[in-house]
Number of protein chains: 2
Amino acid sequence: MSKGKYYFSKSLEKGLRILALFNRNTPVLTQSEVARVLELNMTSTYRYINTLVEMGYLEKNTKTKEIRPAARCLLMCVNLMQATDNLRMIKEEVDRLHRHYNISIDVAFAVDDTLVRLYHREAEEALTYSLPEFSKNCLHNTALGKAYLAGLPEEAAAVKIDQMELVAKTDRTIVDRKILQQEIELTRKRGFAMQVEEYLPGVLAIAAPLYDPINNMGVGAVSFDFSILQHDARSIEAQYTEMIQETAQVLSGMLSPMQHRK
Amino acid sequence: MSKGKYYFSKSLEKGLRILALFNRNTPVLTQSEVARVLELNMTSTYRYINTLVEMGYLEKNTKTKEIRPAARCLLMCVNLMQATDNLRMIKEEVDRLHRHYNISIDVAFAVDDTLVRLYHREAEEALTYSLPEFSKNCLHNTALGKAYLAGLPEEAAAVKIDQMELVAKTDRTIVDRKILQQEIELTRKRGFAMQVEEYLPGVLAIAAPLYDPINNMGVGAVSFDFSILQHDARSIEAQYTEMIQETAQVLSGMLSPMQHRK
DNA sequence: GCAATTTTAACTATAATAGTAATCTCTTTC
DNA sequence: GAAAGAGATTACTATTATAGTTAAAATTGC
């Protein structure tokens, strides 16, 4: 076995990669699609899909052979999401701030290059299960994204920046890697990120990174969002610099309430 | 390899069984707990947990060694739940009925012996993500459970009944396997289940099984729930027998809207 | 009905895992 | 602060599960 990977199960990895293919836009797949996307041979693909089907995580349409997540998946997902219950506390705290100060607040975790929004001011609470939203390609053009990058170790951030696609959402979006590097540098030094009409015209935001308090690693960010009609960058910076950092600290403290049970 | 299991990946199974250990009551585990519960040796347990940690599905407290679901889990769960989007349609239809007829409606899927409630009249919408609730040990004492059992093939139902623990929730709960068998038989013949104060004093319900329309297998049930103060069993049966069966048919039709994409 | 494609099955060489035992790392206790 | 003990990690092979090839079914399109 390749050294250093003695304790890594490739089979488990492949199975999970299959499960992770499904989403709102791809609720159904065929075996050959899976094989193509994951670059697996048909036999292995068949084996892993069959395992997931036999375990009840996927179901296969016996006629069309299409596969999709099944009821047991739902059960596991509900369980897993309830297990990460600290997120509820975060939401409650954010709601409190939101009501009290009447500002829009976003909290997001980063997974690879995706920001998973736990709380979003335009949260459509009624949709499906009021699940969080997520967005890709926004690490460079949102306050949340820039704060998250600034919370990473310098090298890790540099690697991410090198690999990112710097999509220009507005004419203010940073599309130059050098400038983005400097911006993240600045953000890291002062402890908060600013975003001025870089994501959407008329929208400003200030954000600070969230840290896993135990492993002391950047895991996400929290932002306050404003309209250009009520605020300008200067006033936001004057008014909210401390508050965003305090909020980030409070929320970070909730991330790993990993007391010993019993 | 044991014959017949050529196309089943034990590694994937074990990894998923680890993920499936986490829930609201068990948000954190240690390696030895996992090993004990799943009857794996420490090395294998270490390997699978390490795989999940390296992939980002679990995170390990570097000090206490405790493990728990991580952000990537949340991402996958959200994706998977949104992939099963047909459930949204079900919820909308149920809400419509609920408003229109002013009756309490429950929709549930069965996973092993657990009923996963998609809609529950006491649904605490604000909790966490408004996730569904689930309950165990209620196949024998709820209309939902009895309807589900009646929707299964006779043999499968018989096996389940044999293995169930017939907990007496009230003095009306069926606790005798023979009587339960007969009750399910009756339910199967007439196409709906009744429950009269068998789960909670004062609560009645009528239910019908939900079928996966493609594989034509019983997968869950839908029920209308009433209070003894407003209704008795006779009047419910007179009034709702057809409606519950029609509702079950409509909802069943939504379960597998598996059109070919593109 | 006949290609073309997809899915499933049989079959081994090879790579991955299980399991044992040894080692390391904390805690606890005295 | 040493010793004991529990749990986690690593090293090491025998075993076995899986990858990949090939081929047979099954399905689809014509």
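**Exercise 1. The surface near DNA strand D**

Task: In this predicted model, find which elements each supply at least two residues of the surface near DNA strand D, and state how the residues of that surface divide into nonpolar, polar and charged.

Solution: Begin with the elements, which come from both chains: α1 and α3 of chain A, together with α1, α2 (31-38) and α3 of chain B, each supply at least two residues of the surface near DNA strand D. Next, count the residues around the strand, of which there are 20, and note that the closest are A:T43, A:S44, B:S9, B:T30 and B:S32. Finally, sort the residues of this surface by character, which gives 4 nonpolar, 12 polar and 4 charged.

**Exercise 2. The surface near DNA strand C**

Task: Carry out the analysis for DNA strand C, and say which residues are the closest to it.

Solution: The first step is to list the surroundings of DNA strand C, which consist of 19 residues, the closest being A:S9, A:T30, A:S32, B:T43 and B:S44. The second step is to assign elements: those that give two or more residues to the surface near DNA strand C are α1 (10-19), α2 (31-38) and α3 (42-55) of chain A, together with α1 (10-19) and α3 (42-55) of chain B. The third step is to divide the residues of this surface by character, and here one finds 4 nonpolar, 10 polar and 5 charged.

**Exercise 3. How the two chains are related**

Task: Determine by what turn and what shift chain B can be laid on chain A, and find which residue of chain B comes closest to the rotation axis.

Solution: Start with the superposition, in which a turn of 180° and a shift of 0.0 Å along the axis lay chain B on chain A with an RMSD of 0.0 Å. The two copies are thus related as by a two-fold rotation axis. Then look along that axis for the residue of chain B that comes closest to it, which is B:L12, with its C-alpha at 2.1 Å. The same surface serves both copies, since 98% of the contact residues of chain B recur in chain A.

**Exercise 4. The contact between the chains**

Task: State how many residues each chain brings to the contact, and identify the element that gives the largest share of the side of chain B that touches chain A.

Solution: Count each chain in turn, which yields 63 residues from chain B and 62 residues from chain A. On the side of chain B that touches chain A, the elements of chain B that give two or more residues are α1, α3, β2 (67-69), α4 (71-83), β3 (104-111) and β4 (114-119). Of these, α4(B) provides the largest share, with 13 residues. When the residues of this side of chain B are divided by character, 34 are nonpolar, 18 polar and 11 charged.

**Exercise 5. A hairpin in chain A**

Task: Describe how strands β3 and β4 of chain A are joined, and decide whether β4 is largely enclosed or open to the outside.

Solution: Take the pairing to begin with: β3 (residues 104-111) and β4 of chain A run antiparallel and are joined by 5 bridges. Within this pairing, A:A110 stands opposite A:L115 in β4(A). Move next to the turn of the hairpin, where 2 residues lie between the strands and A:D112 takes a positive phi near 55°. For the last part, count the buried residues of strand β4 (residues 114-119) of chain A, which are 5 of 6, so this strand is largely enclosed by the rest of the structure.

**Exercise 6. Positive phi in two loops**

Task: Locate A:E197 and B:E39 in their chains, and say whether B:E39 is buried or exposed.

Solution: Consider A:E197 to begin with, which is found in the loop between β6 (193-196) and β7 (203-212) of chain A, and which has a positive phi of about 55° although it is not a glycine. With 17 other C-beta atoms within 10 Å, A:E197 is partly exposed. Turn then to B:E39, which lies in the loop between α2 and α3 of chain B and whose phi, near 55°, is likewise a positive value in a residue other than glycine. Because a residue with 12 or fewer such neighbours counts as exposed, B:E39, with 7 other C-beta atoms within 10 Å, is exposed.

Methods
Residues numbered from 1 in each chain as written. Chains lettered and ligands numbered in written order. Predicted model: local features only at pLDDT ≥ 70, side-chain atom pairs only at ≥ 80, totals over all residues. Least-squares fit on C-alpha atoms with pLDDT ≥ 70 in both. Contact = placed C-beta atoms within 7 Å. Near = placed C-beta within 6 Å. Helix = DSSP H or I, 4+ residues; strand = E, 2+ residues; numbered from the N terminus. Nonpolar A, V, L, I, M, F, W, Y, C, P; charged D, E, K, R; others polar. Buried ≥ 20, exposed ≤ 12 C-beta atoms within 10 Å, placed from the backbone. Pairing = 2+ DSSP bridges.
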